[in-house]
Amino acid sequence: MPEHRPGTPGEYYVLESFLWREFEDVGEWLEWTVEHKLARTATSTREVFEHAMALRRALRSMEAEHNDERGEGSPVSAINKLIDELGVHPSIEALGGVELIASHATGRLAPVGAVLLMALKAMSNGDWWRFKLCRDPDCRASFYDSTKNGAKTWCSAEGCGSRNKMRRLRERQNG
């Protein structure tokens, strides 16, 4: 399955990739941050990796709720904690625009702050509800629902959706 599905706005590619990707260790996280130009140098620590994975778990839990499933833990509390730790606050621009910045997310924490700001931007733009987790228990891929009504529940109608519809049909026939 591709990392980006058709219909995902370009401004959300990095966020979609972060939510979709399974990071096994600090090395994979580091490669990803360099690949997506979120890190200037190839340095990272276990602590930074743990911050990134805490953010990923919280955001994926919120995505599950967008598909009418119960998320794990308290994602809002976890995200608010990261907002405090990374010093996220508004900054007023010259013409009256408002932008969020993460003043404590410097150096090694900069990639975590950048991803958090992307998620907060999607939330403030009203697009966050379109980020969902596939309902297939064997898949659980993150995806951006670009359908007009936002009712998509599977990452792929051809794969996960078709497989689950066939399973339900067999259950009814055997049932």
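**Cysteines and unusual backbone spots**

This structure has zero disulfides when cysteine sulfurs must lie within 2.5 Å to count as a pair. Keep in mind that you are looking at a predicted model. Two cysteines and two residues with positive phi are worth a look here, and here they are by topic.

**Cysteines without a bond**

- Cys-134 takes part in no disulfide, and its nearest cysteine sulfur belongs to Cys-160, 3.8 Å away.
- That 3.8 Å gap is not within 2.5 Å, so Cys-134 and Cys-160 don't count as a disulfide.
- As for its surroundings, Cys-134 is buried, with a relative accessibility of 0%.
- For Cys-155, the closest cysteine sulfur is in Cys-139, and at 3.7 Å it's too far for a bond.
- Cys-155 is buried too: its relative accessibility is 3%.

**Positive phi outside glycine**

- As background, most residues that aren't glycine have a negative phi.
- Lys-37 isn't a glycine, yet its phi is positive, near 60°.
- You'll find Lys-37 in the loop that runs between α2 (26–35) and α3 (46–66).
- Lys-37 is exposed, and its relative accessible area is 75%.
- Arg-140 is another non-glycine residue with a positive phi, this one about 60°.
- Look for Arg-140 in the loop between β3 (131–133) and β4 (142–144).
- With 23% relative accessibility, Arg-140 comes out as partly exposed.

Key. Residues are numbered from 1 along each chain as its sequence is written. This is a predicted model: local features need pLDDT of at least 70, side-chain atom pairs count only at pLDDT 80 or more; totals for chains, interfaces and linings use all residues. Side-chain values use heavy atoms; hydrogens and water are left out. Buried means under 20% relative accessible area, exposed over 50%, partly exposed in between (1.4 Å probe, protein chains only). Helices (H or I, at least four residues) and strands (E, at least two) are DSSP runs, numbered from the N terminus.
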